Amino acid sequence: MLKILLLTFVSAISLSARAHPVSFEGAWGLMSYNDNKENELTLNYSFKSYFSAATSFYKFEDIIEATLPRASLLAKRWNNEDSQGNVYLGVGYGLEKSFNESKGVGLAQIDADWESRKYYVAASYAQFFRQDSDFVKREDIKQGKVRAGFAPYLAEYNDLNTWFIAQFKKQDNEDIEVTQFVRLFYRNVLIELGTTLGGGGALNFMAHY
């Protein structure tokens, strides 16, 4: 029984330290997501194990830049003996700069994931509510992602964990973009290196302290 409880505890720490918008109480998190079309940098602080506040910087197509203070809530968590599932809700409001204009922009986001030591699935949807320009109507940015992956070997929390992940991303009216990632996770640091089927690159970085 003690061994099972210990493994469950270690697994929960390992899972919660990964790419989540809310971590353990008092933790700082730094996250960066980058591909050929989009860059995101987020610094957050978890006031509770279910609530965090953050500031995020976004760049789309080297045309649109946005800075948004935001809040995230762990709405639901399922803890099983060897897996964990989560649902997160996020909202934010800040300033967008594009074509030499600065306007307000809001954000609403939902993230869900389930992960064991062997398998991983996740889905997210985000929408940026853009204030109209003085000259034209600005369309909202809508983005959905679905991810699935597996670990080729089982590693303990203090060892290097490796994952192979496929990501399917859909933004506005664009075609679905497929990216293949290798995820390397060691203690509190996670790095993802990826390539799209079209030949583009992707780099994600996450760490909690």
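Biologist: Which strand gives the most residues to the lining of the largest cavity?
Modeller: In this predicted model, a search of the whole structure turns up two cavities of 30 Å³ or more. The largest cavity holds about 770 Å³ of space, and 44 residues line it. The element that gives the most to that lining, with seven residues, is strand S7 (residues 119-130).

Biologist: Which residues are closest to the centre of the largest cavity?
Modeller: By class, its lining has 17 nonpolar, 13 polar and 14 charged residues. Of the 44 lining residues, the closest to the centre are Tyr 33, Gln 109, Asp 111, Ser 124 and Lys 145.

Biologist: How many charged residues are in the lining of the second largest cavity?
Modeller: The second largest cavity has a volume of about 90 Å³. Its lining includes Asp 35, Lys 37, Glu 61 and Lys 169, and strand S9 (residues 161-171) provides the largest share, three residues. Divided by class, the lining has no nonpolar residues and one polar residue, and the number of charged residues is eight.

Biologist: What is the volume of the second largest pocket?
Modeller: Its lining includes Phe 60, Ile 63, Arg 130, Glu 139 and Ile 141. Four of the lining residues are nonpolar, one is polar and seven are charged. The volume of the second largest pocket is about 230 Å³.

Biologist: Is Glu 139 buried or exposed?
Modeller: Glu 139 sits in the loop between S7 and strand S8 (141-150). Its C-alpha is 9.0 Å from that of Phe 128, eleven residues away in sequence. Exposed means over 50% relative accessible area. Because its relative accessibility is 54%, Glu 139 counts as exposed.

Biologist: Which strand gives the largest share of the largest nonpolar core?
Modeller: The largest nonpolar core has ten residues, among them Tyr 58, Leu 68, Val 105, Ala 126 and Phe 128. Two or more residues come from each of strand S3 (51-60), strand S4 (64-79), strand S6 (101-116) and S7. The largest share, three residues, comes from S4.

Biologist: Which residues of the largest nonpolar core does Tyr 58 touch, not counting residues up to four places away in sequence?
Modeller: The contacts of Tyr 58 include Glu 38, Asn 39, Glu 40, Glu 65 and Arg 70, none of which is listed in the core. The contacts that are also core members are Ile 64, Ala 66, Leu 68, Leu 107 and Phe 128.

Biologist: Why does Ala 122 count as buried?
Modeller: Ala 122 lies in strand S7 and belongs to another core, of seven residues, which also includes Tyr 120, Ala 151 and Trp 163. Leaving aside neighbours within four places in sequence, Ala 122 is in contact with Ala 112, Asp 113, Lys 145, Val 146 and Arg 147. Buried means under 20% relative accessible area. Ala 122 counts as buried because its relative accessibility is 14%.

Biologist: What separates the C-alpha atoms of Ala 122 and Glu 61 in space?
Modeller: Glu 61 is among the residues that line the second largest cavity, and Ala 122 is in strand S7. The two residues are 61 residues apart along the chain, and their C-alpha atoms are separated by 25 Å.

Biologist: Where is the pLDDT below 50?
Modeller: The chain averages a pLDDT of 89, and 91% of the residues score at least 70. Where pLDDT is low, the predicted coordinates should not be read in detail. The stretch with pLDDT below 50 has 20 contacts in the model beyond near neighbours in sequence, and it covers residues 1-17.

Methods: Residues numbered from 1 in each chain as written. Predicted model: local features only at pLDDT ≥ 70, side-chain atom pairs only at ≥ 80, totals over all residues. Heavy atoms only, no water. 1 Å grid on protein atoms, 1.4 Å probe; cavity = no way out; pocket = protein on both sides within 12 Å on 5 of 7 lines; lining within 4 Å. Points joined across faces, edges and corners; volume = space filled by probe spheres on them. Helix = DSSP H or I, 4+ residues; strand = E, 2+ residues; numbered from the N terminus. Nonpolar A, V, L, I, M, F, W, Y, C, P; charged D, E, K, R; others polar. pLDDT = per-residue confidence, 0-100. Contact = heavy atoms within 4.5 Å. Buried < 20%, exposed > 50% of the residue type's maximum accessible area, 1.4 Å probe, protein only. Core = buried A, V, L, I, M, F, W, Y, C linked by side-chain atoms within 4.5 Å.
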